[in-house]
Amino acid sequence: MRFKGGYNVLFQGKPDGAVQTMPEPEKLYLPLRSERFHFSSLSVEEGQQVQAGDVLATDPDNFDIPLLAPRAGRVRLEQAENHIVLESIEGLPEHAELDGREILHAEQKAGTAAAKREALVRLGAWQFLYDAHTQALPDPTGTPQAVIVSTVSLEPFLVRGDVLLHRRLLNFTRGLEHLQSLLEYQPIYFAIPDIRSEFADLVRNHIRGYAWVKLLEIPLVYPYDDFAILARGLELSSGNGPVWAVRTEGVLAIDQALTLDRPCLTRTIAIGGTGVVSPSHIEVAPGYPLKAITDKYVFEPNPRIIDGGILTGKVFGDEALGIGTECRGITVLPELKEREFLGFARPGSDRGSFSACFLSSLTHRIRERLTTAMRGELRPCVSCNFCEEVCPAGISPHLIHKYLYRDLIEEAAQARVDLCVECGLCSYVCPSKIDLRAQFTEARELIEQDKREAREAKAREEAVEETSA
Ligand code: SF4
Ligand code: SF4
C-alpha cells in the first residue's frame with residue numbers, strides 16, 4: 001500500500017504507557033452530545049435510581065445508540081445543562097469488567113449475526129464502529145464490503161493501541177473472532193505498525209493464526225492510520241458499500257459484549273501535553289468530572305484543555321463538566337495570549353519547523369514545547385507548497401484555499417476538497433498560519449448541504465410528476 005504526504009509532529013508531553021485508575025467520583029456528568037452523537041431521547045426521569053449498564057438516553061438519528069449509565073446512581077436531569085448527572089455513585093462490583101481469561105476463543109453459540117449486532121448496540125459496543133469513509137456510525141443491519149481494524153494511533157496525544165493491547169491481547173483476538181462472526185466472507189484488514197519489537201511480533205504471531213485477517217503493516221507516520229486514507233489505499237471505494245472501521249478499544253468492547261454479555265463501562269484515555277504533570281493513561285468512567293482530572297494532572301495556571309489530540313481535538317467548552325463516551329484523550333497546553341514579536345522570523349535551535357529554515361536545518365529535530373501561541377501572525381499564502389507536501393489526501397490545500405478565499409466553491413469542489421480527511425497537517429506546517437483545515441471542513445459541509453438540497457428538490461419534483469401522472 002502506498003502513502004502520500006504525512007508528517008510527524010514532535011511535541012513534548014507524550015503520554016507514557018502507564019495506566020492509572022482514577023478513584024470513583026461522587027458524581028458523574030454525562031454529556032448528551034459528543035462528536036458523532038446527540039442523545040436527545042431521554043429514557044430516565046428525575047430522581048430515578050439506575051443500575052450500571054441501564055439506558056439513560058438514546059440517539060434517534062444514530063440507530064438508537066444508547067447512552068449507558070457507567071455506574072449505579074441517582075439521576076439528576078436539571079443539575080447541569082446538556083448533561084445527565086448521576087449522583088450517589090456506587091462503584092462497580094469487583095471484576096465487573098472481567099477479562100474472561102478462561103474463555104480462550106469466542107463462543108460460537110452466542111447467537112446469529114443479527115442477534116449479535118443487536119447485542120452490540122444494546123451494550124454500547126456498536127458506538128466504537130466507524131464508517132471508514134465518512135467517520136459516521138455504520139448501520140448495524142448493513143453489510144460492509146470490508147472491515148479495517150487498527151491498533152495504530154498516530155495523532156499526539158491519543159490513547160495508544162499498544163497500551164490497551166499489552167494488557168488484553170487475548171481479549172482482543174477473541175474480539176476479532178466475534179467481529180468475523182458478524183460477517184459472511186468480507187475481509188478484515190488488520191493495521192499494525194511496521195516495526196519489529198518483541199510485542200509487535202507477539203501480536204503478529206497471534207493474528208497469523210487467523211486466515212481471514214489480512215495484515216496491513218503501516219509506517220508510523222501521521223496520519224497513515226486514518227481510516228479514510230487506509231480505505232482509499234486499499235481501493236475500497238465508497239461506491240461499493242460501507243467499510244467498517246474499529247480501533248483496539250472497539251474490538252475489546254465487542255469482546256466484552258459478546259463473550260461476557262456486559263457493556264463496556266470504563267474508558268482508557270490518554271492525558272498529555274506540556275501542561276500535564278506526568279503524561280500517561282487513565283482509566284475512568286464516561287462522565288468522569290473533568291475538574292477532578294485537571295486538579296490531579298494539570299499544573300499550568302492558565303491551561304487550554306482539549307478534548308482529543310493536538311491536531312484534530314476541540315477545546316472543551318466552559319459548559320463541559322465530564323468526559324464524553326467518545327473521548328480518547330485530553331491534551332493540555334499552556335495558554336499564551338501574547339504572540340512573539342516577529343516570531344515567525346526568529347531563528348533558534350529550540351525551534352522545530354517543517355521547513356529546513358534558520359538553525360533547524362543545522363540541528364537535529366527537537367521535541368517542541370508546544371504552547372497555544374502560534375509563532376508569527378496570519379499573513380497571505382506565500383505559495384511555499386509545504387501544505388501540499390504533507391497532505392496525505394493528495395490534494396492542493398493552497399489552491400483550494402485560494403478558491404475558497406474568493407468564494408469559488410464549485411472550483412474548490414472540482415479540486416476535490418471532499419477528499420480532505422481533516423488531519424490538520426496543512427494548518428500545522430503553514431508558515432502563514434492559515435487555518436486551512438477549518439476552511440475545508442466548512443467548505444465540505446457547504447458542498448454536502450448543496451448536494452442534499454439538490455437531492456431533496458429532485459425527490460420533490462419526482463413526487464409531483466408521479467402524482468400528476
Ligand atoms: S487537513 Fe485535509 S487538506 Fe490539510 S493536510 Fe490534512 S487531508 Fe490535506
Ligand atoms: S503552507 Fe500556507 S503559505 Fe505555504 S502554500 Fe500552503 S497555504 Fe500557502
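This report walks through some features of a predicted model, from its ligand surroundings to its strands, rings and backbone.

## The two ligand shells

Let us begin with ligand 1. The residues around it include a run from Cys 420 through Val 421, Glu 422 and Cys 423 to Gly 424, and also Cys 391, Pro 392, Ala 393, Ile 395, Pro 397, Cys 426 and Phe 440. By class, this shell has 10 nonpolar residues, one polar and one charged. Two of its cysteines can be described further: Cys 420 is buried, with a relative accessible area of 9%, and Cys 423 is buried too, at 8%.

Ligand 2 has its own surroundings, among them Cys 381, Cys 384, Cys 387, His 398 and Cys 430. Val 382, Ser 383, Asn 385, Pro 431, Ser 432 and Leu 436 also belong to the shell of ligand 2. Here the classes are seven nonpolar and four polar, with no charged residues.

With so many cysteines in view, how many disulfides does a search of the whole structure find? The search finds zero. As background, a disulfide is a covalent bond between the sulfur atoms of two cysteines.

## An open sheet of four strands

Four strands line up in the order β2-β8-β7-β4 to make an open sheet, and their pairing is antiparallel. The edges are taken by β2 (28-31) and β4 (49-50); each has a single partner strand, so one side of each is left without a neighbour in the sheet.

At the β2 edge, the partner is β8 (residues 83-90), and the two strands pair in the antiparallel sense over four bridges. If you would like a place to start looking, try Pro 31, whose bridge partner in β8 is His 83.

## Strand β16 and its partners

Further along the chain, β16 (residues 303-307) is joined by five bridges to β18 (residues 329-334), and these strands run antiparallel. β16 also pairs in the antiparallel sense with β17 (residues 314-315), this time over two bridges.

Which residues stand opposite Ile 306? In β18 it is Thr 331, and in β17 it is Val 315. Together, β16 and β17 form a hairpin with six residues between them. Gly 308, in the turn of this hairpin, has a positive phi of about 120°.

## Rings that meet

The structure holds seven aromatic pairs. One of them is made by Phe 3 and Tyr 224, which are stacked, with 4.3 Å from centre to centre and 15° between the planes. Phe 3 lies in the segment before β1 (19-21) and Tyr 224 in the loop between β12 (213-218) and α5 (227-233), so the pair ties together parts that are 221 residues apart in sequence. Tyr 224 is buried, with a relative accessible area of 7%.

Another pair has a different geometry: the ring centres of Trp 126 and Trp 244 are 5.1 Å apart and their planes stand at 90°, so this pair is edge-to-face. It too links distant parts of the chain, with Trp 126 in the loop between α1 (113-122) and β9 (129-131) and Trp 244 in strand β13 (residues 243-247), 118 residues apart. Both Trp 126 and Trp 244 are buried.

Tyr 130 offers a ring for charges. The charged end of Arg 36 sits over this ring, 3.9 Å from its centre. The charged end of Arg 247 sits over the ring of Tyr 130 as well, 5.1 Å from the centre.

## The loop between β12 and α5

The loop that holds Tyr 224 is also where Leu 220 is found. Leu 220 is partly exposed, with a relative accessible area of 36%. Its C-alpha atom is separated by 8.2 Å from that of Val 152, a residue 68 positions away along the chain. Pro 223 is in this loop too, and a cis peptide bond joins Tyr 222 to Pro 223, with omega about 0°.

## Other backbone details

Most residues other than glycine have a negative phi, and most peptide bonds are trans. A second cis bond to look at runs from Pro 156 to Phe 157, with omega near 0°. Phe 157 has its place in the loop between β10 (146-150) and α2 (161-167).

Two residues have a positive phi although they are not glycines: Phe 63, at about 55°, and Asn 385, at about 75°. Phe 63 lies in the loop between β5 (55-59) and β6 (65-68) and is partly exposed, at 37% relative accessible area. Asn 385, a member of the ligand 2 shell, lies in the loop between β18 and α8 (386-390). Asn 385 is partly exposed, at 30%.

Terms used:
Residues are numbered from 1 along each chain as its sequence is written. Chains are lettered from A and ligands numbered from 1 in the order in which they are written. This is a predicted model: local features need pLDDT of at least 70, side-chain atom pairs count only at pLDDT 80 or more; totals for chains, interfaces and linings use all residues. Side-chain values use heavy atoms; hydrogens and water are left out. A residue is near a molecule or strand if one of its heavy atoms lies within 4 Å of it. Ala, Val, Leu, Ile, Met, Phe, Trp, Tyr, Cys and Pro count as nonpolar, Asp, Glu, Lys and Arg as charged, and the others, Gly among them, as polar. Two strands pair if DSSP finds at least two bridges between them. Rings of Phe, Tyr and Trp (its six-membered ring) pair if their centres lie within 6.5 Å; planes under 30 degrees apart count as stacked, over 60 as edge-to-face and the rest as tilted. Buried means under 20% relative accessible area, exposed over 50%, partly exposed in between (1.4 Å probe, protein chains only). A charge sits over a ring if NZ of Lys or CZ of Arg is within 6 Å of the ring centre and within 35 degrees of the ring normal. A disulfide is a pair of cysteine sulfur atoms within 2.5 Å.
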